[in-house]
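Please look over the model shown here. The report after it covers charge contacts, one helix and some backbone details.

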Amino acid sequence: MLRFIFALLFVSSTPLLQASAQPKKPDQLKLPIEAYTSLPLVSQVNLSPSGKHLAFVQNYQGTLMLNITDLKTQEVTPVLRSDNKEVTLNWYDWANDNTLIVAAGYTQRQRLVKYDSTQLFKFDIKGTKKLENLLPIRNRNVNNSAQFQDNVISMLPDDPKHILVAVDFDTANRPTVFKVNVDTKRRKRILRPRRNISDWIADEQGRVRIGYKLIDTTISYVIYDHDKNKLYEKPLYQFDAFSAERVTILGFGKDGDTLYIKANHEGKSALFKTKISQPQSRGLVFSDPDYDVDGTILYSQITGKVNGFSHSNTDGSRIYWDEEYKSLQTALSTALPNAHNVIIDKSQDGDTYVLYSSSDADPGTYYLGHRKAQSLYLFAPQYPEIQGTTYLGKQRHSYKARDGLTIEGYLTLPPDAAPHTVTYPTIILPHGGPMARDYADFDYWSELFASRGYAVFQPNFRGSYGYGYEFAQAALGAWGDAMQNDLQDAAHFLIEQKIANKEQICVGGGSYGGYAAVMAVVKHPETFKCAASFAGVMDLEFIVSRARHYTNREVVEKQFGNDDDKLESNSPINNVASIKRPILLIHGEDDKVVPVAHSRRMYDKLLDENKAVQYIELESGNHDLSFQAHRHTTLSAFLAFFDTHLKTQ
């Protein structure tokens, strides 16, 4: 078993990892592809409440193992093995100092149909040291088998022997709330299912307080009166899913009345503080004039109170109100300067903590700290080979779209780059979603391609999340329109900046990014020489028609629109005849988000039209490339495809 090297680092010392002042040379950066396509060496690091044990997920050549380490004896106890194919570790948390709650996902088969399911387990490090099903089926009181069983709505911090779970054992799609004893596995039904309520929210005392309701595209948060065992008729908040009045509940304060929410403020999502007894009286906590607040509230492990919030566009992405956390953050900035230092976990006494640090020379490393001893130990890097001169990083740039809208994006350049004097073969890499966004942090796609000599640009085109309500709304019913043009405008920007060679530009991406890549060579073949798609949407009509069999059909229709002519004209599968550039299609066989039929049918039509196309299907592959071998196959194929069409001219 691999053992980590624990290197002592006092808080007052110099940082272990620093950015090199020397130019990055190509031969220094020629790492094997596996350095980029491997899953992180370590992830999901979590302290037990006492700080005596540390749980973490470790990657053993593609097999993930959830382990527990005794920090005194360094004895390692394995908990769960996952291949991210048949078995997936969804999340885990400590219920108490001896018991770990583990949520795992499984691929189930019923005749010829595959589907996903989840289960909840317990692992007692003082008891059997075996995974045990926490919600065993008891036929006498269960009417529905419940496909998803891992919705824990409260860890009940003041009651370490119990947790609250919302699961639809009684009525399909209507969860019942159970109080589950993590020692005996006995459960007590404390709230029966209610019509149209698809989820529940508990306060910090573990009382169920709010029900979540979605009807068509209308979302309602409804107050539950625990004493009277009834829902209020008037919603706490009610709004259309895509309206500017949208509210996101982030959590309760310690008093049980204070509520923290995200809502619109001058066109951007902002953090507010309100009271459940006076929901319309909001106090602005924080807003960013340039970006939506994209984080959440933070709780103190010591007091249980809200002690700050997170937001990516702030120093260290954390703002604390608690003086103890502030002083620790200051000390960490001294110990690890020029780094993004985030305290991700803390023991209940506040002495032991887990730090995640990243910088221009480090894509991410976990440390274990002790306040009283004023020491910081290196636990493990996420990508051990990509450090210092081998880490290229991203630069933020902005450009103007053809209609004058400002678009932001991230540029990764090859090693030993000399921008504005030397041009590079270039890859435009649009993100998925499309209501998502790229950030400045580590991205294994852009790092790999740039390490092989490409300039890689990741534009947050209109329709991306994070730049305000109106900016994100541009994605609704607009696939193939203006946000598609934003990709060509990004290419023109890079040409004008003397970064891209206009004869050597391709486009690639996954999910929506795969769709946008193929549509780029449909609409702008004069700009893009090839297109590579992973799990891309190829038929918008198929997406909308298929959604009519599911409960979210109105939401999907709002996202894509219901104009059949427009859906048809903006679908790659209906534009095969006009495609004159090479296409690479890769898709997972078991993709539950974008069915593999999209790429299969697109491939057949391209072949019928004698187009230049390559197709790779990943056996049992999913939408997230979470299986390491699939990640390696996909990125290797993308790289070979780009090399063929951009470097052999």
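What follows is a short account of salt bridges, charged surface patches, a helix and backbone geometry.

This is a predicted model, in which local features need pLDDT of at least 70, side-chain atom pairs count only at pLDDT 80 or more, and totals for chains, interfaces and linings use all residues. Residues are numbered from 1 along each chain as its sequence is written, and side-chain values use heavy atoms, with hydrogens and water left out.

## Salt bridges

A salt bridge here is a side-chain nitrogen of Lys or Arg within 4 Å of a carboxyl oxygen of Asp or Glu. The search of the whole structure finds 21 of them. Three are listed below.

| Salt bridge | Closest N to O distance |
|---|---|
| Lys 592 and Asp 116 | 3.5 Å |
| Asp 403 and Arg 462 | 2.7 Å |
| Glu 408 and Arg 437 | 3.9 Å |

Lys 592 and Asp 116 meet through their side chains. This pair links distant parts of the chain, 476 residues apart. Lys 592 sits in the loop between strand 36 (583-588) and helix 10 (597-608), and Asp 116 sits in strand 8 (residues 113-124). Helices (H or I, at least four residues) and strands (E, at least two) are DSSP runs, numbered from the N terminus.

How exposed are the two ends? Accessibility has three classes: buried is under 20% relative accessible area, exposed is over 50%, and partly exposed is in between (1.4 Å probe, protein chains only). Lys 592 is partly exposed at 34%. Asp 116 is partly exposed too, at 32%.

Asp 403 and Arg 462 form another salt bridge. Asp 403 lies in the loop between strand 30 (395-400) and strand 31 (406-412), while Arg 462 lies in the loop between strand 33 (455-460) and helix 4 (469-473), so the pair ties together parts that are 59 residues apart in sequence. Arg 462 is buried, with a relative accessible area of 10%.

Glu 408 and Arg 437 form the third listed salt bridge. Glu 408 belongs to strand 31 and Arg 437 to the loop between strand 32 (424-428) and helix 3 (444-451), so parts that are 29 residues apart in sequence are tied together. Both Glu 408 and Arg 437 are buried. Elsewhere, salt bridges with shared partners join Asp 203, Arg 207 and Arg 209 into one network.

## Charged patches

Patches are made of residues with over 30% relative accessible area and no salt bridge; like charges are joined within 9 Å, and nonpolar side chains (Val, Leu, Ile, Met, Phe, Trp, Tyr) within 5 Å. Areas come from the Shrake-Rupley method with a 1.4 Å probe, and for residues only the protein chains shown count as cover. Lys and Arg count as positive, Asp and Glu as negative; His and the chain ends are not counted. Each charge is placed at NZ of Lys, CZ of Arg, CG of Asp or CD of Glu.

The positive patch on the surface gathers Lys 52, Lys 72, Lys 126 and Lys 129. Lys 126 is in the loop between strand 8 and strand 9 (132-133). Lys 126 counts as exposed, at 62% relative accessibility.

A negative patch on the surface gathers Asp 563, Asp 564, Asp 565 and Glu 568. Asp 565 belongs to helix 9 (residues 564-569). Asp 565 is exposed, with a relative accessible area of 59%.

## Helix 6

Helix 6 (residues 512-523) has 12 residues. From first C-alpha to last, helix 6 reaches 16 Å, close to the 16 Å expected at 1.5 Å a residue. The expected span is 1.5 Å times one less than the number of residues. Why is helix 6 described as largely enclosed? Of its 12 residues, 11 are buried, so the rest of the structure largely encloses helix 6. Among the buried ones are Tyr 512, Tyr 515 and Met 519.

## Backbone details

Most residues other than glycine have a negative phi, and most peptide bonds are trans. Some exceptions follow.

Gly 433 and Pro 434 are joined by a cis peptide bond, with omega about 0°. Pro 434 lies in the loop between strand 32 and helix 3.

Gln 74 is not a glycine, yet its phi is positive, about 65°. Gln 74 is in the loop between strand 4 (63-70) and strand 5 (76-82). Gln 74 counts as partly exposed, at 39% relative accessibility.

Leu 156 also has a positive phi, near 45°. Leu 156 is in the loop between strand 10 (152-154) and strand 11 (162-171). Leu 156 is buried, with a relative accessible area of 7%.
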